[in-house]
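Visitor: Hi! Could you walk me through this structure? I'd like to go through it piece by piece.
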There are 2 protein chains.
Amino acid sequence: MFAGALTATQSHPVRAQGVLAPSFLPRARQISLFAPDGEIYAQGEQAGALYRVEFGAVRVYRLHTDGRRQIVAFYFGGETFGLEAGRTHSFFAEATVHTGLSKFANAPGELESQELMTLALRSMLHAQEHLLVVSRQSAVEKLGAFLLDVAERQGDLDHIDLQMTRVDIGEYLGMTIETVSRSFSKLREEGILQLHGAKTIEIIQPEKLVLLCK
Amino acid sequence: MFAGALTATQSHPVRAQGVLAPSFLPRARQISLFAPDGEIYAQGEQAGALYRVEFGAVRVYRLHTDGRRQIVAFYFGGETFGLEAGRTHSFFAEATVHTGLSKFANAPGELESQELMTLALRSMLHAQEHLLVVSRQSAVEKLGAFLLDVAERQGDLDHIDLQMTRVDIGEYLGMTIETVSRSFSKLREEGILQLHGAKTIEIIQPEKLVLLCK
DNA sequence: CGATGTGTTTGATCCCTGTCAAAGACTGCC
DNA sequence: GGCAGTCTTTGACAGGGATCAAACACATCG
């Protein structure tokens, strides 16, 4: 699970595409590496650090009492996560693929900073956006909205590198992997997108996709 | 894509109930009254105030482009809402019944306060709780979880005064009014609850309800 | 107190998605 | 490069909720 830590190497600049390159945080000295499914933190653990994704991707989720998993967010390169309301984590965080993270200490007193407030409000906003997507009616629309979100966050509106499995997508959108797969097929059949392997996606007709999901 | 904001508040996990008399905010001088469906604020309007529900209930919602409405939160007596990430509201807020609100000024500079940060994070937590309920789970389970939430927030675990219509509940839980109604009937048939009129509910077997909804 | 309109319940039917099953594609490893 | 295991796709089927429709309760007002 834990994949050790790589010292030094401040790694590539990382595209700070819009989302939260926390310039206000102390510069990280090292990057921790995580293998796929590697645990970053668990529910109940002491919170108090922020993480920035240098490369790879992270899923943050919660477990239902019946064992089902609800993924509440994914984080990609350049994005920051880990902020918590209390002293302990109320979610689990894992890498979905080989992932590198910078860790920033975060003393409680610093919580008052304007930037952290912004981070908190954005998380709140994202949670609400997610709610709107999940409560959308059809499976194809959910998937489409998800793909548009990922494309925008990855900075390329035509090509997506899905750094996660169908299981992850299903648990994020609240549907089974079969339905996820069928929805992909439907979008492909309609000429909206093309799949080069299961995880490399080309959006052929972005306008059509936007129309479908909005 | 992020336009802005978020209505925050108190609710779920933290059972401070009725609390949330935000001592750090200036005391309100008067109570504004709203008729059922009365608009409190609209999407796009200037934000910058917090509201506390004195009596009645409030729905906060967003409109999908297809005209469907997604209610993201209800607020009852003693609870506070209206916090926004940006300068404008990204949601609509309306009274569901005859409602009284106290309004608190909230200058932008005050956003750094620790209390407001907590409010934002709790709001995020509530959104994610809501997500767990809405995605997955059967209609009966959704309704059950909703009723348990409301009962706890209203302070009486056995009696609920639903200050909203079936339409509101449906738009909150992501299902049609027919399904909401059928779910009520099912819970009644199983002896879990009893309805005195459509909006006055008595929970006969709270334990059974908890078991059902996990 | 009855009338009208709104809100709720119940019924019948259809379709989407979950479930079970199996074949096909891809990846990592030897 | 070939094998094994995992991930993905596709198919068949069933069930739950959406949709369409109508009867039933309830509130407000004349």
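Guide: Happy to. Keep in mind that this is a predicted model. Shall we begin with the DNA?

Visitor: Sure. What classes do the residues of the surface near DNA strand D divide into?

Guide: There are seven nonpolar, seven polar and four charged residues on the surface near DNA strand D.

Visitor: And which residues are the closest to DNA strand D?

Guide: Arg166(A), Ser181(A), Ser185(A), Ser138(B) and Thr179(B) are the closest, out of 18 residues that surround DNA strand D. The elements giving two or more residues to that surface are α3 (166-173) and α4 (177-189) in chain A, plus α4 (177-189) in chain B.

Visitor: Which element gives the most to the surface near DNA strand D?

Guide: That is α4(A), which gives six residues.

Visitor: Okay, switching to the two protein chains. How many residues of chain B are in contact with chain A?

Guide: On the chain B side 32 residues are in contact, and they meet 29 residues of chain A. Both β5 (69-75) and α1 (114-134) of chain B supply at least two residues to the side of chain B that touches chain A. The largest share comes from α1(B), with 15 residues.

Visitor: What's the mix by class on that side of chain B?

Guide: The side of chain B that touches chain A has 17 nonpolar, ten polar and five charged residues.

Visitor: What turn lays chain B on chain A?

Guide: A turn of 180 degrees, with a shift of 0.5 Å along the axis, lays chain B on chain A with an RMSD of 0.4 Å. The two copies are therefore related as by a two-fold rotation axis.

Visitor: Which C-alpha of chain B is nearest the axis?

Guide: The one of Met124(B), at 2.0 Å from the axis. The same surface serves both copies, too: 75% of the contact residues of chain B recur in chain A.

Visitor: New topic: at what angle do α2 and α5 of chain B pack?

Guide: Helix α2 (residues 139-154) and helix α5 (residues 206-213) of chain B pack at about 125 degrees, and their axes are 9 Å apart. Because of that angle, α2(B) is oblique to α5(B).

Visitor: Is their crossing left-handed or right-handed?

Guide: The crossing of α2(B) and α5(B) is left-handed.

Visitor: Which residues make the contact?

Guide: From α2(B) you have Glu141(B), Gly144(B), Ala145(B), Leu147(B) and Leu148(B), and from α5(B) there are Leu209(B), Val210(B), Leu212(B) and Cys213(B). By class, this contact of α2(B) with α5(B) has seven nonpolar, one polar and one charged residues.

Definitions and conventions:
Residues are numbered from 1 along each chain as its sequence is written. Chains are lettered from A and ligands numbered from 1 in the order in which they are written. This is a predicted model: local features need pLDDT of at least 70, side-chain atom pairs count only at pLDDT 80 or more; totals for chains, interfaces and linings use all residues. A residue is near a molecule or strand if its C-beta atom, placed from the backbone, lies within 6 Å of it. Helices (H or I, at least four residues) and strands (E, at least two) are DSSP runs, numbered from the N terminus. Ala, Val, Leu, Ile, Met, Phe, Trp, Tyr, Cys and Pro count as nonpolar, Asp, Glu, Lys and Arg as charged, and the others, Gly among them, as polar. Axes are lines fitted to C-alpha atoms, for helices over the stretch in contact, and angles run from 0 to 180 degrees between N-to-C directions. Angles under 35 degrees count as roughly parallel, over 145 as roughly antiparallel, 65 to 115 as roughly perpendicular and the rest as oblique. A crossing is left-handed if the near helix is turned anticlockwise from the far one by less than a right angle, and right-handed if clockwise. Two residues are in contact if their C-beta atoms, placed from the backbone, lie within 7 Å. Copies are superposed by least squares on the C-alpha atoms of residues with pLDDT of at least 70 in both.
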